[in-house]
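User: I would like a close look at one part of the model shown here, with its surroundings described in a connected way.

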Amino acid sequence: MKKYMFLLVFALPFFVKPAIAQQTDPAAFTGAMAKLKHYNALYILNSNDEKKIKGTLRNINNALEDPRLKGKLHVELVAFGDGVAVFMKTGIYEQTLKDLQAKGVVLAQCNNTIKERKIDKNELFPFISFVPSGNGEIIIRQYEGWATVHP
């Protein structure tokens, strides 16, 4: 019996502690604190779905407007595959892209996609940049420590 009593006394704190942690006031949680001087985020877009594109552009803007990251965040949007739709002149995203670029967002299109799909660069907005490959950009940025976001 002493053996079981010892186990109960020893194990009790492990069961009680999680219950106590769950009882804390959820309103007291304010999220992570931005302790670094600078943050880098690479947003990845490889879909031509209008909802996905609009959501990605909105997410970028929301991150830039986050008071914890204000003035500390460098963002790049890389589009490849079907994501090229975001940079097409026939699309509806020109003003939103210009607004993001004015906030410092780098807008990068995969050159492989342009070649493979035989897209003339004149069909794309003139204010975007090009990278050799979208996947290469993701790999390099990841190893540089960038947060990668694929909404």
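Which residue follows helix α5, and is its phi positive or negative? Which residues of α5 are buried, and against what do they pack?

Analyst: The structure is a predicted model, in which local features need pLDDT of at least 70 and side-chain atom pairs count only at pLDDT 80 or more, whereas totals for chains, interfaces and linings use all residues. Residues are numbered from 1 along each chain as its sequence is written, and side-chain values use heavy atoms, with hydrogens and water left out.

At the far end of the part you ask about, α5 is followed by Gly145, whose phi is positive, near 95°. Helices (H or I, at least four residues) and strands (E, at least two) are taken here as DSSP runs numbered from the N terminus, and α5 covers residues 134-143. At its N-terminal end α5 is capped by Ser133, a side-chain oxygen of which lies 2.9 Å from the backbone nitrogen of Gly136. Such a polar contact is a pair of N or O atoms within 3.5 Å; within protein, one must be able to donate a hydrogen and the other to accept it, and residues adjacent in sequence count only if both atoms are side-chain atoms.

The buried residues of α5 are Gly134, Glu137, Ile138 and Arg141. They lie on the same side of the helix, because they cover an arc of only 100° around the axis; the arc is that of the directions from the helix axis to the C-beta atoms. Buried means under 20% relative accessible area and exposed over 50%, with partly exposed in between (1.4 Å probe, protein chains only). On the face turned away from this buried side, α5 carries the exposed residues Ile139 and Tyr143.

The buried residues of α5 pack against five strands, namely β1 (39-45), β2 (73-79), β3 (106-110), β4 (129-131) and β5 (147-149). Within β2 is found Glu76, which counts as buried because its relative accessibility is 1%. Contact here means heavy atoms within 4.5 Å, and, leaving aside neighbours within four places in sequence, Glu76 is in contact with Glu137 and Arg141 as well as with Ala41, Leu42, Tyr43, Val106, Ala108 and Trp146. Arg141, one of the buried residues of α5, also lies over the face of Trp146, at 4.2 Å from the ring centre. A charge sits over a ring if NZ of Lys or CZ of Arg is within 6 Å of the ring centre and within 35 degrees of the ring normal. Elsewhere, the charged end of Lys121 is placed over the ring of Phe130, 4.1 Å from its centre.

Two of the strands just named have a further partner, for the buried residues of α2 pack against β1, β2 and α3 (94-102). Those residues of α2 are Ile53, Gly55, Thr56, Leu57, Ile60, Ala63 and Leu64. The N-terminal end of α2 is capped by Asp49, with a side-chain oxygen 2.8 Å from the backbone nitrogen of Lys51.

As for ring pairs, a search of the whole structure finds one aromatic pair. The rings of Phe125 and Phe127 have centres 5.2 Å apart and planes at 15°, so the pair is stacked. Rings of Phe, Tyr and Trp (its six-membered ring) pair if their centres lie within 6.5 Å; planes under 30 degrees apart count as stacked, over 60 as edge-to-face and the rest as tilted. Phe125 counts as buried at 4% relative accessibility, and Phe127 is buried with a relative accessible area of 17%.
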